[in-house]
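Colleague: Please take a close look at the strand pairing in this model and walk me through it in one go. Include whatever packs on the strands and anything bound beside them.

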Amino acid sequence: MASRCRVSAAQATIQFLKNQYVERDGIERLFFAGCFGIFGHGNVAGVGQALRQNQDFPYYLSRNEQAMVHTATAFSKMNNRLCTFACTSSIGPGATNMLTGAATATINRIPVLLLPGDIFARRNVAPVLQQLESAQTQDISVNDCFKPVSRYWDRISRPEQLLTALPEAMRVLTSPAETGAVTLCLPQDVQTEAQEFPSPFLEKRVWRVPRQRGDAHAMRRAADMVRAAKQPLLIAGGGVLYSEASGALAKFVAQTGIPVAETQAGKGSLPFDHPQSLGAMGVTGTPGANLLARDADLIIGVGTRYADFTSASKTAFQNPAVNFININVAELDAGKHLGLAIVADARVALEELAQASKGYRVSDGYQQRICRFREEWEKEVNRLFHLHHGPPVSQSEVIGVVNSVSEPRDVLVCAAGSLPGDLHKLWRTRDPKGYHMEYGYSCMGYEIAGGLGVKMAVPDREVYVMVGDGSYLMMAQEIHTCIQEGIKLNIVLLDNHGFSSIGGLSETCGSDGFGTEYRYRKDGKLDGDIVKIDFVANAMSLGAAASRVRTVDDLRQALIAARATPRTTVTVIEVDRNVRVPGYESWWDVPIAEVSEMETVRAARRAYETSVKRERNFF
Ligand SMILES: Cc1ncc(C[n+]2csc(CCOP(=O)(O)OP(=O)(O)O)c2C)c(N)n1
Ligand SMILES: [Mg+2]
């Protein structure tokens with residue numbers, strides 16, 4: 001009979017987690033790098049105690065529960081989902097603070113394990129501090145809110161339930177198709193209750209991450225579709241990177257001449273100067289990618305979920321005869337647009353498709369078009385990188401400087417505001433993991449917390465966090481965690497006194513930027529002078545080295561100095577919120593009021609009604 005080990009539920013959980021490994025392509029590695037946490041009465045005596053007696057399972061103290069989930073998510077994304085963190089919180093607000101992080105992880109399909117504390121399972125002392133009461137049932141707590149944003153959710157109301165819950169959690173976390181946030185709610189009392197666990201349960205276990213092969217029949221049909229295509233376009237999504245399929249992709253497109261457009265999550269699938277690379281796809285895409293998408297008779301989507309930014313709200317693909325081949329580990333995505341579904345790992349599927357479509361090549365005329373688009377785009381990027389605007393300078397010039405100061409293997413981190421669109425278009429990615437954009441949830445506040453996770457994953461690479469003033473104000477406190485851990489980020493803060501992105505959108509919608517600037521209230525309205533913020537003092541107070549610059553040259557000098565600084569730095573530069581990188585041959589569906597007393601809104605509505613007609617369904 002297997003030996004048994006009497007431990008508390010929390011101790012069993014930590015012991016289990018520190019013994020989980022994954023293996024892909026013959027390489028075995030630990031799945032959990034440790035646990036982030038913030039303690040309260042809901043976890044300090046349970047999980048907190050277990051972490052205290054398992055200090056070989058590193059514990060990191062965050063400043064905000066949402067942030068710690070972002071940090072774990074960014075770490076995991078940087079590790080191509082093969083390594084992540086657990087996150088422990090107290091009950092009540094500590095737990096619900098993790099909700100936004102959970103949604104961010106799940107929408108981006110990134111594994112993180114959340115261990116929110118929960119109300120007493122034995123109930124007799126209810127309501128405990130921070131307990132939500134219900135007149136309908138005693139079987140509910142705020143943690144039920146995690147259900148829609150978790151790929152697996154469970155409440156451990158007896159310690160022995162861990163025997164079935166923890167393996168399920170691991171199955172989902174390590175499944176390329178199902179992964180996302182996994183939430184195991186741990187009632188405060190249950191965490192501390194002891195139970196005999198069979199020792200093998202708590203010993204080393206290796207989870208194999210498969211490289212699933214597609215259906216052979218579907219693969220043959222895909223090859224036939226490729227051979228018949230006159231104007232094919234491949235859309236590379238995040239799945240290409242998670243599968244480490246860049247090499248297979250480069251080979252496939254070198255062989256066939258098929259051009260590649262990248263989604264936000266897929267940017268970096270090819271280096272920017274690859275002859276088949278058309279850069280960004282969709283609403284924030286390049287003219288080449290969007291014009292070829294418009295005419296394409298075959299779209300090969302690899303590892304993409306066709307978000308509206310990629311499909312330009314279903315207006316991107318206008319050829320009446322367009323067909324889709326969707327290579328994806330997730331059936332949900334593989335079936336989109338009624339395409340030919342190849343439920344498979346990106347790398348093996350691209351290798352097989354290359355084999356099956358040998359001899360096929362796009363026409364010379366098509367290749368020449370690709371070349372021309374590429375040349376014209378490089379000129380446009382150079383123009384935007386050297387606008388000689390201001391000061392205040394333009395955002396595109398700042399991107400140009402950060403791009404030129406950073407080394408090819410450095411990592412750019414961003415998430416929300418006007419930066420993601422501009423970076424998607426302009427950033428010249430030179431390494432598959434050089435561009436880290438959280439654009440599934442585009443969650444303001446991810447930037448610095450995420451940057452921390454990225455740097456923890458790749459300590460030998462410089463990490464550049466580009467963050468708007470709005471996002472910075474939402475969540476900058478992880479600078480303090482960086483200082484505590486001796487982890488260095490190069491943060492570039494673009495100050496435009498509010499929301500350039502949503503301000504611009506508001507103008508397009510006819511509402512003249514209403515409510516999107518940091519201005520004093522004057523005569524009842526928010527249109528007084530700008531409310532200035534001393535971001536340098538703010539960053540320095542958290543422990544960063546910080547400076548403010550005005551010109552492009554000073555920015556370059558400051559960033560060169562920042563590289564040489566061992567501490568986290570924040571370089572603040574004012575940018576002109578009204579000098580925007582334009583859109584190119586694309587559209588995004590943001591519905592406009594059907595009726596309004598404002599003529600600007602009525603005009604926007606008229607334009608909207610014309611554009612929305614281009615939206616397509618695919619049968
Ligand atoms: C948590 C969260 N709240 C609201 C939004 C909606 N939103 C998108 S961009 C943006 C403004 C961002 O401002 P800033 O970081 O200064 O960037 P800028 O638009 O000025 O480039 C807002 C409010 C969001 N993406 N995330
Ligand atoms: Mg801003």
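Modeller: Start with strand S12 (residues 232–236) and strand S13 (residues 260–262), which pair in the parallel sense through 3 bridges. The model is predicted. Within this pairing, Leu234 has Val260 of S13 as its bridge partner. Both strands belong to an open sheet of 6 strands, ordered S14-S13-S12-S15-S16-S17, with parallel pairing. Strand S14 (277–280) and strand S17 (340–343) are the edge strands, each pairing on one side only. From one strand to the next, the twist averages 20°. Helix H13 (residues 346–356) lies across S12, strand S15 (298–302) and strand S16 (323–328), and runs at about 130° to S16.

Further along the chain comes another open sheet, in which 6 strands follow the order S19-S18-S20-S21-S23-S22 and the pairing is parallel. Its edge strands are strand S19 (435–437) and strand S22 (545–549), each of which pairs on one side only. The twist here averages 20° between one strand and the next. Strand S20 (residues 463–468) runs parallel to S21 and is joined to it by 5 bridges; Tyr464 has Asn490 of S21 as its bridge partner. Helix H15 (residues 395–405) packs on this sheet and touches S20, S21 and strand S23 (569–574), with its direction at about 170° to that of S20. Helix H17 (residues 446–457) lies across strand S18 (411–414), S19, S20 and S21, at about 175° to S20.

As for bound groups, the magnesium ion (ligand 2) has as protein donors Asp469 (OD), Asn496 (OD1) and Gly498 (O), lying 2.0 Å from it. Along the chain these donors follow the spacing D-x26-N-x1-G. Asp469 is in helix H18 (residues 469–474), while Gly498 is in the loop between strand S21 (490–495) and helix H20 (500–508); the two are 29 residues apart, so the pair links distant parts of the chain. Asp469 has a relative accessible area of 1% and therefore counts as buried, the cut-off being under 20%. Gly498, at 5%, is buried too.

One helix can be added for its pattern of burial. Helix H6 (residues 162–173) has 12 residues and reaches 16 Å from its first C-alpha to its last, close to the 16 Å expected at 1.5 Å a residue. Its buried residues are Leu162, Ala165, Leu166, Ala169, Met170, Val172 and Leu173. Viewed down the axis of H6, these residues fall within an arc of 165°, so they line one face of the helix.

Definitions and conventions. Residues numbered from 1 in each chain as written. Chains lettered and ligands numbered in written order. Predicted model: local features only at pLDDT ≥ 70, side-chain atom pairs only at ≥ 80, totals over all residues. Heavy atoms only, no water. Helix = DSSP H or I, 4+ residues; strand = E, 2+ residues; numbered from the N terminus. Expected span 1.5 Å × (residues − 1). Buried < 20%, exposed > 50% of the residue type's maximum accessible area, 1.4 Å probe, protein only. Arc of directions from axis to C-beta. Donors = N, O, S within 2.8 Å, 3.2 Å for Na, K, Ca; no water. Pairing = 2+ DSSP bridges. Axes fitted to C-alpha atoms, helices over the stretch in contact; angles between N-to-C directions. Contact = heavy atoms within 4.5 Å.
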